[in-house]
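Reader: I'd like to go through this model and ask how each label was earned. Can you show it to me?

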2 protein chains.
Amino acid sequence: MQKDANIFDIARMAGVSKSTVSRVLNGHAGVSKATRARVLQAIDECTYIPNNAARNLSSITTQSVVLLVHGIANPFFSRVITLIFEEMRGKNYELILHNCELSDDISITDVAVGIYKEKRPKGMIILGGHFEETYAPLRAMELPIVMVSATIRGITDRLWFSSITIDDEREGERLAGHICQSGHKDIAVIGQSYFRERGMRRVLEDSGVRTHIADLDYDRAYQFKIGYKAAKKMLAQGGFTCFVCLSDVLAIGALRAIHENGLRVPEDISIVGFDGIENSAYTNPPLTTFVQPYEEMAAQSVEILLGIIECTRTHAHIILQTTLDEGASFRPVGS
Amino acid sequence: MQKDANIFDIARMAGVSKSTVSRVLNGHAGVSKATRARVLQAIDECTYIPNNAARNLSSITTQSVVLLVHGIANPFFSRVITLIFEEMRGKNYELILHNCELSDDISITDVAVGIYKEKRPKGMIILGGHFEETYAPLRAMELPIVMVSATIRGITDRLWFSSITIDDEREGERLAGHICQSGHKDIAVIGQSYFRERGMRRVLEDSGVRTHIADLDYDRAYQFKIGYKAAKKMLAQGGFTCFVCLSDVLAIGALRAIHENGLRVPEDISIVGFDGIENSAYTNPPLTTFVQPYEEMAAQSVEILLGIIECTRTHAHIILQTTLDEGASFRPVGS
DNA sequence: CACCATGATGGGAGCGTTCCCATTGTCAAC
DNA sequence: GTTGACAATGGGAACGCTCCCATCATGGTG
């Protein structure tokens with residue numbers, strides 16, 4: 001590939017200076033209609049693409065947005081990512097997807113700051129993860145940040161970032177409410193979610209439902225297996241009539257364990273999931289699950305982020321709700 | 001965030017010139033041990049991160065590699081992506097993940113060339129997609145390219161790119177062989193894969209097995225649903241004893257349709273998938289499927305690409321094999 | 001002791017933009 | 001006719017690097 005055209009070539013072709021071409025390129029004012037047209041034509045003729053590196057260098061920042069994700073293989077995340085990509089299409093920002101499997105010794109703050117220095121994006125969407133007290137460096141970046149579906153704890157000053165989450169504690173309560181109504185008196189819980197569990201427990205204890213918490217055997221990356229193993233162990237112990245899984249992936253793993261043990265769902269045992277990933281409508285039986293507001297999450301996160309970047313709005317903390325999808329994996333006791 | 005340190009600051013701190021710092025940064029020869037140590041210390045003290053834009057600008061290219069994927073939501077792809085990320089870790093290249101949902105009027109060549117001009121990467125891994133005759137612009141980039149799991153047709157000159165695939169035609173034959181042995185005489189095929197189908201048909205016709213091809217109702221993005229709908233329609237017609245699905249996602253959709261119709265797997269009907277995504281070990285019953293060589297694909301693609309970039313090897317076309325994972329969804333006739 | 005190869009280092013140009021400031025041209029108001 | 005405001009445009013500096021070439025010791029060789 002021979003040397004590409006640069007801004008001077010375009011300028012020469014259009015018979016103007018590089019400054020004028022730059023103005024056209026960036027949609028700045030102060031260019032006559034006729035000149036603009038000529039420049040655009042020249043650009044078109046050469047299929048000229050401005051050199052990003054040079055652009056970034058001289059303007060310090062870049063016309064890009066980073067989407068930082070903790071493990072794209074997670075079906076919940078990958079669905080949100082896809083939707084965010086769609087939402088960003090045609091928005092004139094570049095979306096840089098950064099996958100990061102967080103190890104214990106690296107916090108989200110470290111990763112975000114590193115990426116910031118490297119990429120100089122205009123904003124950042126962080127998908128998932130825990131977000132705790134040690135956020136000073138994050139804040140110091142003074143970068144528009146939207147946290148999506150993150151667990152946020154111990155942060156009182158919230159004016160410098162946005163968040164879009166479900167209210168985990170309330171969701172836990174709803175989930176628990178659903179169970180209480182159903183008459184199940186002993187349930188096995190698989191999964192970790194501080195707030196969701198807290199909400200659940202409160203309601204369940206009031207109604208005299210006993211919860212059996214599974215230990216999770218952290219196998220990293222193999223989410224299905226975690227659910228499977230945990231369920232297997234719980235089933236060996238017995239003493240409950242319903243599995244409550246804090247994610248669908250765990251539920252799918254648990255489903256396998258149940259079937260392996262020769263039990264029928266929901267006749268012998270019920271199971272509820274959480275997330276409403278696409279897959280969960282295709283299990284046998286289809287999973288009863290609380291469906292995350294995917295479209296809403298994607299749309300809002302992009303809208304807020306770009307709004308803040310373009311100074312047309314301020315930060316916000318949006319709380320959305322899940323929708324119960326009554327599959328066939330859950331049934332009230334004795335029905 | 002106040003102004004970051006630049007190469008001059010480091011140079012001043014270490015008492016050397018910017019050239020020397022640059023040499024240290026890029027691992028070039030010609031720096032004494034003592035100087036190098038001093039520079040490294042200064043870099044460390046400031047947690048200095050070189051400005052990428054400037055680097056790219058002066059060296060025209062960037063220390064990055066693009067991973068171009070057709071829809072990261074596809075579980076097969078997302079698994080490969082995750083593994084490629086792992087493989088690249090610590091390799092001193094930046095991996096830029098680019099998701100592209102190809103529409104009909106945009107070819108892979110167009111997308112790749114656009115990205116190339118914009119990102120100036122050192123190489124590109126293209127995951128999936130069809131790769132046909134109109135490749136001249138791709139080739140003209142003179143960029144190391146590795147095509148992974150792509151369908152390649154009508155390209156005779158193959159010295160300028162690498163590929164890692166399974167031999168679809170042979171895999172089709174193997175799949176067909178498995179079916180012939182089993183005694184199924186009428187099978188329903190769901191999915192599109194030119195070569196795989198061609199291989200299958202040849203073997204099946206020789207053995208007198210009749211194939212019923214499902215029409216696919218292209219619902220875009222909703223792969224599970226495609227399988228479901230296609231299976232539903234086929235089941236209404238009847239006349240076969242086994243579903244052959246050309247991907248596991250389709251198979252999971254089909255499984256749902258089968259159960260909905262009150263049939264048992266594999267007693268009443270068998271089903272075989274393809275890909276061996278993580279999920280397929282957790283269906284009910286677990287899917288019999290041909291597992292793609294994920295690790296191998298990821299490892300080889302990275303090794304080849306970096307090898308070519310660093311001029312330690314030449315292009316290659318690697319053909320790998322799947323492994324039959326005998327789940328429980330398939331059973332020979334009359335057993 | 002002059003010479004040259006070699007290793008370590010510094011300095012300057014150039015990469016392709018953006019952004020600021022200066023310049024020119026035009027027109028209305030006085 | 002002079003002035004000032006304003007729109008349109010050009011030119012130069014700056015962004016932070018890499019890369020090439022020049023310089024300067026150092027030490028072995030004839």
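Reader: Which residue of β9(A) stands opposite A:V189?

Author: Opposite A:V189 you'll find A:I213. Bear in mind that this is a predicted model.

Reader: What makes β8 and β9 of chain A count as a pair, and in which sense do they pair?

Author: A pair needs at least two bridges between the strands. β8(A), residues 186–190, and β9(A) have four bridges, so they qualify, and their sense is parallel.

Reader: What sheet do they belong to, and in what order do the strands run?

Author: It's an open sheet of six strands in chain A, ordered β9-β8-β10-β11-β12-β14, with mixed pairing.

Reader: Why are β9 and β14 of chain A said to stand at the edges?

Author: β9 (210–213) and β14 (323–325) of chain A each have a single partner strand, so one side of each has no neighbour in the sheet. As for twist, neighbouring strands are turned by 20° against each other on average, ignoring direction.

Reader: Which helix lies across β8, β10, β11 and β12 of chain A?

Author: That's α11(A), residues 248–260, which runs at about 155° to β11(A).

Reader: Why are α8 and α9 of chain A called oblique?

Author: Their axes cross at roughly 40°. Angles under 35 degrees would count as roughly parallel, and roughly perpendicular takes 65 to 115. The value of roughly 40° fits neither range, nor the one over 145, so α8(A) and α9(A) are oblique to each other. The axes come within 6 Å, and the crossing is right-handed.

Reader: Which residues meet there?

Author: From α8(A), they include A:L175, A:A176 and A:C180, and from α9(A) they include A:F195, A:M200 and A:V203. By class, the contact of α8(A) with α9(A) has seven nonpolar, three polar and nine charged residues.

Reader: And why are α2 and α3 of chain A described as roughly perpendicular?

Author: α2(A) (18–25) and α3(A) (33–46) pack at about 85°, with their axes 10 Å apart. The range for roughly perpendicular is 65 to 115 degrees, so about 85° falls inside it and the label follows. A:T20, A:V21 and A:V24 of α2(A) make the contact with A:T35, A:R36, A:V39 and A:L40 of α3(A). That contact has four nonpolar, two polar and one charged residues.

Reader: What domains does the assignment give for chain A?

Author: Domain 1 is 7–50, domain 2 is 64–167 + 294–321, and domain 3 is 168–291. The centres of domain 1 and domain 3 of chain A, taken over C-alpha atoms, are 61 Å apart.

Reader: How many residues does the contact take from chain A and from chain B?

Author: The contact takes 34 residues from chain A and 34 residues from chain B. Elements giving two or more residues on the chain A side include α4 (52–59), α5 (75–88) and β2 (94–99). That side has 18 nonpolar, nine polar and seven charged residues.

Reader: What kind of peptide bond joins A:N284 and A:P285?

Author: It's cis, with omega at about -10°. A:P285 lies in the loop between β11 and β12 of chain A. In chain B, a cis bond joins B:N284 and B:P285, with omega also about -10°.

Reader: What is notable about phi of A:C311?

Author: Phi of A:C311 is near 60°, a positive value in a residue other than glycine. Most residues other than glycine have a negative phi. A:C311 is in the loop between α12 (294–309) and β13 (317–320) of chain A.

Definitions and conventions
Residues numbered from 1 in each chain as written. Chains lettered and ligands numbered in written order. Predicted model: local features only at pLDDT ≥ 70, side-chain atom pairs only at ≥ 80, totals over all residues. Axes fitted to C-alpha atoms, helices over the stretch in contact; angles between N-to-C directions. Left-handed = near helix turned anticlockwise from the far one by under 90°. Contact = placed C-beta atoms within 7 Å. Nonpolar A, V, L, I, M, F, W, Y, C, P; charged D, E, K, R; others polar. Domains from an automatic or database assignment.
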